[in-house]
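User: Hello! I am new to this one and would like to understand the reasoning behind the labels people put on it. Could you walk me through it?

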Amino acid sequence: MTETEKLTKQRNLVAAAFNAIESKSVSLAMKAEDDEKRQADAFGELLDFI
């Protein structure tokens, strides 16, 4: 395996890891946004009840 092939393989592995981290981050952000909306809705219902 040439040096260029090794560097390409390393670059591809880093890119794959970055993509996985980015995907998980987006997923967690969307979940947090959904949780925040549910909490706001629940608080609104509580205020309506009071």
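User: Where do Arg38 and Asp35 lie, and how many residues apart are they?

Analyst: Happy to help! Please keep in mind that this is a predicted model. Arg38 and Asp35 are both part of helix 1, three residues apart, which is about one turn of the helix.

User: What makes the contact of Arg38 and Asp35 a salt bridge?

Analyst: The test asks for a side-chain nitrogen of Lys or Arg within 4 Å of a carboxyl oxygen of Asp or Glu. For Arg38 and Asp35 the N to O distance is 2.5 Å, so the pair meets that cut-off.

User: Which residue forms a salt bridge with Asp35 at 3.1 Å?

Analyst: That is Lys31, where 3.1 Å separates the closest N and O atoms. Lys31 and Asp35 both sit in helix 1, four residues apart, again about one turn of the helix.

User: Why is Asp35 called partly exposed, and what about Lys31?

Analyst: Partly exposed covers the range between under 20%, which is buried, and over 50%, which is exposed. Asp35 has 26% relative accessibility, so the label is partly exposed. Lys31, at 48%, therefore gets the label partly exposed as well.

User: How many salt bridges does a search of the whole structure find?

Analyst: The search finds three. One of them joins the side chains of Asp41 and Lys37, with 3.3 Å from N to O. Asp41 and Lys37 are both in helix 1, four residues apart, or about one turn of the helix. As for networks, Lys31, Asp35 and Arg38 are joined into one by salt bridges that share partners.

User: Why is Lys37 labelled as it is, and Asp41 too: buried, partly exposed or exposed?

Analyst: Lys37 has a relative accessible area of 53%, and exposed means over 50%, so Lys37 is exposed. Asp41 has 39%, so Asp41 is partly exposed.

User: How do you know whether Phe49 is buried or exposed?

Analyst: Its relative accessibility is 73%, and the cut-off for exposed is over 50%, so Phe49 counts as exposed. Phe49 is found in helix 1, which covers residues 3-49.

User: Which residues make the nonpolar surface patch?

Analyst: Phe49 is one of them, together with Phe43, Leu46, Leu47 and Ile50. The patch has an area of about 630 Å².

Technical notes: Residues numbered from 1 in each chain as written. Predicted model: local features only at pLDDT ≥ 70, side-chain atom pairs only at ≥ 80, totals over all residues. Heavy atoms only, no water. Patch = residues over 30% accessible without salt bridge, like charges linked within 9 Å, V, L, I, M, F, W, Y side chains within 5 Å. Areas by Shrake-Rupley, 256 points an atom, 1.4 Å probe, with all protein chains shown as cover. Helix = DSSP H or I, 4+ residues; strand = E, 2+ residues; numbered from the N terminus. Buried < 20%, exposed > 50% of the residue type's maximum accessible area, 1.4 Å probe, protein only.
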